[in-house]
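User: I am new to this structure and should be grateful for a close look at a single part, the surface that meets the RNA. Please set it out step by step, and then place it in relation to the surrounding elements.

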Amino acid sequence: MRYQRPKGTADILPGDSQHWQYVESVARQVFSKYRFEEIRTPLFENFEVFSRTSGDTSDIVTKEMYDFKDKGDRHISLRPEGTAGVVRAFVENKLYGPEVQKPFKTYYMGQMYRYERPQSGRQREFHQIGVEAFGSDEPALDVEVIAMGMDLFKHFGISNLRLAINTLGDKETRDNYRQALIDYLEPHFDELSKDSQVRLHKNPLRVLDSKDEEDQKFVANAPSILDYLTADAKQHFERVKQLLDALGIDYVVDSTMVRGLDYYNHTIFEVMVNSKALGHGYTTVCAGGRYNGLVKELGGPEVSGVGFGLGMERLLLLMESEGVEFPEEHHLDAYVVGISDAADTVTLKVVQALRQQDFSADRDYLARKPKAQFKTADRLNAAYTLTIGEAEIAVSTIHVKNMVSGNEVSAPLNDVINDFAGVIKGID
RNA sequence: GCGGUAUUGGUGAAGUUUGGUUAACACACCGGAUUGUGGUUCCGGCACGCGUGGGUUCGAGUCCCACAUACCGCCCCA
């Protein structure tokens, strides 16, 4: 019986892992410019951390969460998303305290788990990069987060982006709008798709998101949430738009955009891209928004937050299909060819000496013939091939060849061991 | 959770329509072409075997069933 990795998981192998590292390092650099700092929270939390924040009836809680009882009978959940854990840490460590600069800006990257049917770019274990900023209601912070998201994609080398924004307003706005939407859709109940019929009372906003063509006809004429904004909500949203304009960031307002998680309010946004890699038309690669009230929900004070998250797997698919060039990482400075058993010891010493001088170096470990070793040096794209055999050992020298120019010299063994940089300077 | 398609070596795969006896071809890899210098060329090697387990049959990679996994669509999410 052969072992297989669990359904919906992936091995990220060398070659691929370079791409991951590149994306992560670009993200760290960008975040650092905006003064966001990394936070690392547990991969699992108490079940309630997620059920409280995502909504008890949300699908993510009722059927997509990996949850279990541990040996101490604690109800544990693998994190299905990043925000809840960060908020929990924010509260538990009292990062809302006076000694912490506001807003508190942080980012995370790591595994998330959802029990769902795997598809391309959607796995049960997947990875997200996300940011959160706590402690300011100012629209300027919403805009900083959005601007940073757009900046991030620019650094990833992705263009053809579309920024869609909307507002869910405050609680009063949502309550009023929810009722208006129900009032509008109720008369058409029988004409709605089955899924939407269920959604109508459970979460009517989600009807707006329906992919059913029939539903879309009703949605087109549905009341807009923008007409139900309270004065405060409207002012917040207007300011966000003004600031985006001021920064020259293009956007479209999509009043039908909604969120699957219950904790969002006010500004929500999605970065969308038109790429065949992720399906037809514009699809979302990054989503975020404001979540005032979430901190309080988890036992903290009334502190607001805003953030976004993006899926690594989808991002990498996108970058690969857009032909983004990843930096070549596997440079090999020197390959040391040892001829005959007599050379084994000295070959190892040379390789190790080169590494001590900060050169990357490698050698053969299969006792292969010179011919095969030279082939390997070539295939590994070594900048220099060093050769040492009985003839060299006898007079304490080593042969050094520049693989690009073909120039070669015989150098004193000690020079290579102590100052390889000086030796190669003499060749080129 | 529902529906569809697929699963052959390290890789890409032919073969499955019309079940028949040695699983094509290519790439990669390994070895060799007179002794210690590469990228070309030539020669040779490389599936106890067709996802797993059952079944039908004189005979199955080719037919049937179950399971697993991947991909696509739905739910969901983004």
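Analyst: This account rests on a predicted model. A suitable starting point is Arg-368, where a side-chain N or O atom lies 3.0 Å from a phosphate oxygen of RNA strand B. Two further arginines make polar approaches to other parts of the RNA. The side chain of Arg-114 places an N or O atom 2.9 Å from a sugar or linking oxygen of RNA strand B. Arg-117, by contrast, addresses a base: a polar atom of its side chain is 3.0 Å from a base nitrogen of RNA strand B.

Which elements give two or more residues to the surface near RNA strand B? They are helix 7 (194-202), strand 10, helix 13 (370-379), helix 14 (390-395) and strand 15 (397-402). Helix 13 supplies the largest share, with 5 residues.

The surroundings of RNA strand B comprise 37 residues, of which Ser-120, Arg-199, Arg-206, Ala-287 and Glu-392 come nearest. By class, this surface has 19 charged residues, together with 9 polar and 9 nonpolar ones. On the RNA side, sugar or phosphate accounts for 58% of the atoms of RNA strand B within 4 Å of the protein, and bases account for the rest.

Strand 10 leads from this surface to its wider setting. Strand 10 (282-290) is one of the strands that helix 9 (residues 231-246) lies across, the others being strand 7, strand 8 and strand 9. Relative to strand 7, helix 9 runs at about 160°.

These strands belong to an open sheet of 8 strands with mixed pairing, in the order 1-5-6-11-10-9-7-8. Its edges are strand 1 (37-38) and strand 8 (252-253), each of which pairs on one side only. Within the sheet, strand 7 (residues 161-167) and strand 9 (residues 265-274) run antiparallel and are joined by 7 bridges. Ile-165, for example, has Phe-269 in strand 9 as its bridge partner.

A helix pair completes the description. Helix 2 (residues 47-54) packs against helix 4 (residues 83-92) at an angle of about 110°, and their axes are 9 Å apart. Angles of 65 to 115 degrees count as roughly perpendicular, and the two helices, helix 2 and helix 4, are therefore roughly perpendicular to each other. In their contact, Val-49, Phe-50 and Thr-53 of helix 2 meet Ala-84, Gly-85 and Arg-88 of helix 4. By class, this contact has 3 nonpolar, 2 polar and 1 charged residues.

Terms used
Residues are numbered from 1 along each chain as its sequence is written. Chains are lettered from A and ligands numbered from 1 in the order in which they are written. This is a predicted model: local features need pLDDT of at least 70, side-chain atom pairs count only at pLDDT 80 or more; totals for chains, interfaces and linings use all residues. Side-chain values use heavy atoms; hydrogens and water are left out. Axes are lines fitted to C-alpha atoms, for helices over the stretch in contact, and angles run from 0 to 180 degrees between N-to-C directions. Helices (H or I, at least four residues) and strands (E, at least two) are DSSP runs, numbered from the N terminus. Angles under 35 degrees count as roughly parallel, over 145 as roughly antiparallel, 65 to 115 as roughly perpendicular and the rest as oblique. Contact means heavy atoms within 4.5 Å. Ala, Val, Leu, Ile, Met, Phe, Trp, Tyr, Cys and Pro count as nonpolar, Asp, Glu, Lys and Arg as charged, and the others, Gly among them, as polar. Two strands pair if DSSP finds at least two bridges between them. A residue is near a molecule or strand if one of its heavy atoms lies within 4 Å of it. A polar contact is a pair of N or O atoms within 3.5 Å; within protein, one must be able to donate a hydrogen and the other to accept it, and residues adjacent in sequence count only if both atoms are side-chain atoms.
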